[in-house]
Amino acid sequence: MLLFTPGPTPVPQNVRNAMSGETMHHRTPEFEAIFEKTRTYLFELLATDEVLMIASSGTGAMEAAVTNLCSNTLLSVNSGKFGERFGKIALAHGLKNVEIKNEWDTPVSVEAVVQAVKANNEIDAIAVQISESAGGLRHPVEEIAEAVKAINPNIMIIADGITAVGVERIDVTNIDAIIAGSQKALMLPPGLAILGLSNAAIEKIGAGKGYYLNLASEIKKQRQNTTAYTAATTLIIGLLEVLETIKAQGGFGVLFCNTARRAKATRAALEAIGLHSYPKTPALSMTTIDDKDASKIRSALKEEYGVNVAGGQDHLKGKIFRINQMGLIEPYESIWVVNAIELILHRLGRLEYAGVASKVYNETYFKTALTKKEI
């Protein structure tokens with residue numbers, strides 16, 4: 001079975017091998033050396049002033065960022081399930097929440113965020129997805145962060161990069177917290193969250209808040225190459241193997257280029273056979289297709305061609321399907337997926353099969369130049 005869901009993603013065999021060794025105690029010099037090396041790679045990947053690894057899902061890091069960086073009012077951007085989650089976290093902790101809500105195919109505008117900030121001087125943090133995976137869209141996070149900092153540099157910008165870190169190069173100049181999760185572009189099992197922090201965020205955190213998700217405790221300990229509480233040793237060993245594999249295959253720049261090519265090629269191939277891309281500003285992490293036969297296509301992919309893609313949630317259930325583009329994916333695997341979809345459409349009586357999808361994928365992946373932003 002080819003796993004093409006936008007999380008969890010397949011774990012490479014060499015990574016599974018690395019994680020299958022003898023159990024290592026987390027309070028040992030041997031593990032501290034692994035931890036230190038992993039942090040070094042993460043600093044390069046995230047380009048932030050501090051990096052933290054937390055034994056939790058990405059939601060744990062979302063909660064840690066909100067509780068440690070917001071004291072009064074959170075402005076949350078809701079264009080899907082995960083933007084909605086930020087607001088729920090704020091309310092669960094007794095914080096005020098101002099929400100900008102859009103359809104799941106629609107990114108927030110910079111202007112809408114600026115107006116909200118100007119209208120409410122109690123807003124001290126903004127939370128937004130870089131890639132909102134519920135619909136597969138890309139928010140203009142970098143532009144939002146720059147505009148907000150120009151108004152009030154003390155407002156903390158929290159960016160959910162769970163389906164963006166490891167996918168593309170992200171400008172963190174004005175971002176105070178960026179979040180990653182192990183089961184996405186980092187190609188690990190779920191259970192490890194990663195936070196990149198700015199110096200301004202570290203200052204705002206101060207003594208921290210909470211207990212387990214107190215980021216001040218983690219900053220202190222992780223600078224000593226250990227963790228405040230039990231480390232996710234096996235996942236961190238796997239993460240080191242993943243990052244070393246990426247470096248051995250050309251580094252993060254090559255990974256970003258290949259992901260961008262894959263995204264453009266998959267979208268072009270499916271649009272060439274008459275399918276429609278759902279989001280107005282597609283993320284590079286996945287291709288999302290809205291179609292009256294979405295459920296039939298998804299089921300046939302799994303049952304007839306051994307490909308598992310994701311469906312939609314809530315009001316989009318049965319109306320979209322989402323194809324992963326994160327991680328180390330061979331072109332022939334993606335070509336198998338788009339060709340299978342063309343064959344399914346032929347069986348549904350919607351087109352004559354002519355191998356268009358695989359042809360367009362090849363032409364786009366290998367011949368299309370990338371923009372400066374995409375590399």
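A residue is called buried when its relative accessible area is under 20%, and exposed when that area is over 50%. The exercises below apply this cut-off and others to a predicted model.

**Exercise 1. Determine whether Arg39 is buried or exposed, and describe its surroundings.**

Step 1. Locate the residue: Arg39 belongs to helix H2, which covers residues 29–46.

Step 2. Apply the cut-off. The relative accessibility of Arg39 is 8%, and buried means under 20%, so Arg39 counts as buried.

Step 3. List the contacts, setting aside neighbours within four places in sequence. Arg39 then meets Glu50, Val51 and Met53, together with Gln222, Arg223 and Asn225.

**Exercise 2. Classify Ala47 as buried or exposed, and characterise its backbone and its place in the model.**

Step 1. Ala47 is found in the loop that runs between H2 and strand E2 (50–54).

Step 2. With a relative accessible area of 53%, Ala47 is exposed, since the term applies over 50%.

Step 3. Consider the backbone. Phi of Ala47 is near 60°, which is a positive value in a residue other than glycine. As a general background, most residues other than glycine have a negative phi.

Step 4. Examine the contacts. When residues up to four places away in sequence are not counted, Ala47 touches Leu42 and Val172.

Step 5. Relate sequence to space. From Ala47 to Val338 there are 291 residues in sequence, and the C-alpha to C-alpha distance is 35 Å.

**Exercise 3. State where Met187 lies and whether it is buried or exposed; then identify the cis peptide bond that ends at Pro8.**

Step 1. Met187 sits in the loop joining strand E9 (177–181) and strand E10 (193–197).

Step 2. The relative accessible area of Met187 is 3%, so this residue is buried.

Step 3. Met187 is not a glycine, yet its phi is positive, at about 60°.

Step 4. Turn to the peptide bond. The bond from Gly7 to Pro8 is cis, with omega near 0°. Pro8 is in the loop between strand E1 (2–3) and helix H1 (13–19). In general, most peptide bonds are trans.

**Exercise 4. Compile the environments of Asp291 and Gly311.**

Step 1. Asp291 occupies the loop between strand E12 (286–290) and helix H11 (294–305). Its relative accessible area of 12% places Asp291 among the buried residues.

Step 2. Beyond four places in sequence, Asp291 touches Leu275, Ile297, Gly318, Lys319 and Arg350.

Step 3. Gly311 is part of strand E14 (residues 310–311). At 11% relative accessibility, Gly311 counts as buried.

Step 4. With residues up to four places away excluded, Gly311 touches Arg298, Ile320, Phe321 and Arg322. Gly311 and Ile323 are 12 residues apart in sequence, with their C-alpha atoms 9.0 Å apart.

**Exercise 5. Describe the nonpolar cores and the residues that have the most contacts inside the largest one.**

Step 1. The largest nonpolar core has 57 residues, and Val113, Ile126, Ile175 and Leu239 have the most contacts inside it. Helix H9 (residues 233–248) supplies the largest share of this core, namely eight residues.

Step 2. Another core, of 31 residues, lies apart from it; its members include Met156, Ile162, Leu213 and Leu215.

Step 3. Take Ile175 as an example. Aside from neighbours within four places in sequence, Ile175 is in contact with Val141, Ala145, Ile157, Ala159, Ile170 and Ser198.

Step 4. Place this against a general tendency: in soluble globular proteins, nonpolar side chains tend to be buried together.

**Exercise 6. Summarise the overall fold by its secondary structure, dimensions, burial and charges.**

Step 1. The protein has 13 helices and 15 strands. Its radius of gyration is 21 Å, close to the 21 Å that the globule rule gives for 375 residues, so the protein is as compact as a globular protein of that length.

Step 2. Along the principal axes, the C-alpha atoms fill a box of roughly 65 × 55 × 35 Å.

Step 3. Of the 375 residues, 58% count as buried. The accessible surface is about 15300 Å², and 51% of it belongs to carbon and sulfur atoms.

Step 4. Among contacts between residues at least 6 apart in sequence, 71% join residues at least 24 apart.

Step 5. For the charges, the mean position of the 38 positive ones and that of the 40 negative ones are 2 Å apart.

Technical notes. Residues are numbered from 1 along each chain as its sequence is written. This is a predicted model: local features need pLDDT of at least 70, side-chain atom pairs count only at pLDDT 80 or more; totals for chains, interfaces and linings use all residues. Side-chain values use heavy atoms; hydrogens and water are left out. A nonpolar core is a set of buried Ala, Val, Leu, Ile, Met, Phe, Trp, Tyr and Cys residues joined through side-chain atoms within 4.5 Å. Buried means under 20% relative accessible area, exposed over 50%, partly exposed in between (1.4 Å probe, protein chains only). Helices (H or I, at least four residues) and strands (E, at least two) are DSSP runs, numbered from the N terminus. Contact means heavy atoms within 4.5 Å. The radius of gyration is taken over C-alpha atoms; the globule rule is 2.2 Å times the number of residues to the power 0.38. Accessible areas come from the Shrake-Rupley method with a 1.4 Å probe; for residues, only the protein chains shown count as cover. Lys and Arg count as positive and Asp and Glu as negative; His and the chain ends are not counted. The place of a charge is taken as NZ of Lys, CZ of Arg, CG of Asp or CD of Glu.
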